[in-house]
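Reader: I have a structure to read and some terms to learn. Please take me through it, reason by reason.

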Amino acid sequence: LTKGECLYEGKAKRIYATEEPEVLWVEYKDDATAFNGEKKDVLEGKGLLNNEISSIIFSRLKEVGIDSHFIKRLSSNEQLVQKVEIVPIEVVVRNVAAGSLVKRLGIERGTAFSPAILEFYYKDDDLGDPLMTEEHIRVMELATPEELAQIKEIALHVNDRLKEIFKDIGIQLVDYKLEFGRDHTGEILLADEISPDTCRLWDEKTGESFDKDLFRFEQGNLQDGYTTILSRLGGNE
Ligand code: C5P
């Protein structure tokens, strides 16, 4: 396959067509953004790290029967994915209180949740990705009730496996964001990326962050944190 026309450029990735109508070519960029694009920088190597980490995680999920749009890693910062129509809902899974949850509800940071909390945000930059309820999803017809039930089921299944993957490498999976799409047959498929850009990952022993909070709150070197995750996952920098 060859890299064709650029179809879409997001904050962290560029999506290109290929000669296969159902296959897209994804390029991970080094651009870092936070707070809905208010904070920006270019962090050399970030694209490579996220591409590698996301490829490893989607492959591990596949091994336990959780399909995603991921087809294969192509190069240090590129991968092939199945084309999907993205459902404009960001699904946030929380195992431990942090971030906006602490801010919004005053729950103490570090409080553990079992079962995990699921939240939905409307994927709309102009509105600042607002929190939404299942009723909002229903009236806005963002997903059918059947699709939403499937999305929730997959998210919880992903959570069981993802918690294990990180526990095995001494990392606490605090929270993360998932996105879903519809493939050409209309089936719901896990999509986008799972990386330290979209997860909060704390060292089990020290509580140190190895995720995008390093950039958001200038807590340390982002590439060092992401490199720690990649090497613990058994990947090569
Ligand atoms: O900011 P908040 O605490 O709601 O984020 C929860 C989790 O979802 C964090 O791991 C964050 O990195 C991720 N997230 C994301 N993209 C967004 C919003 C949140 O990856 N647009």
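Author: Begin with the ligand: of the 13 residues around it, Gly99, Ser100, Lys177, Thr198 and Arg200 come nearest. This is a predicted model, where local features need pLDDT of at least 70, side-chain atom pairs count only at pLDDT 80 or more, and totals for chains, interfaces and linings use all residues. Residues are numbered from 1 along each chain as its sequence is written.

Reader: What makes a residue near the ligand?

Author: Its C-beta atom, placed from the backbone, lies within 6 Å of the molecule. The residues of that shell divide into four nonpolar, three polar and six charged. Here Ala, Val, Leu, Ile, Met, Phe, Trp, Tyr, Cys and Pro count as nonpolar, Asp, Glu, Lys and Arg as charged, and the others, Gly among them, as polar.

Reader: How do you know that the span of helix H4 agrees with its number of residues?

Author: The expected span is 1.5 Å times one less than the number of residues. H4 (residues 145-167) has 23 residues, so 33 Å is expected; its end C-alpha atoms are 33 Å apart, which agrees. A helix is a DSSP run of H or I, at least four residues; a strand is a run of E, at least two; both are numbered from the N terminus.

Reader: Why are E3 and E7 called paired strands?

Author: Pairing needs at least two DSSP bridges between two strands. Strand E3 (residues 23-28) and strand E7 (residues 78-82) are joined by five, so they pair; they run antiparallel. In one of these bridges, Leu24 has Val81 of E7 as its partner.
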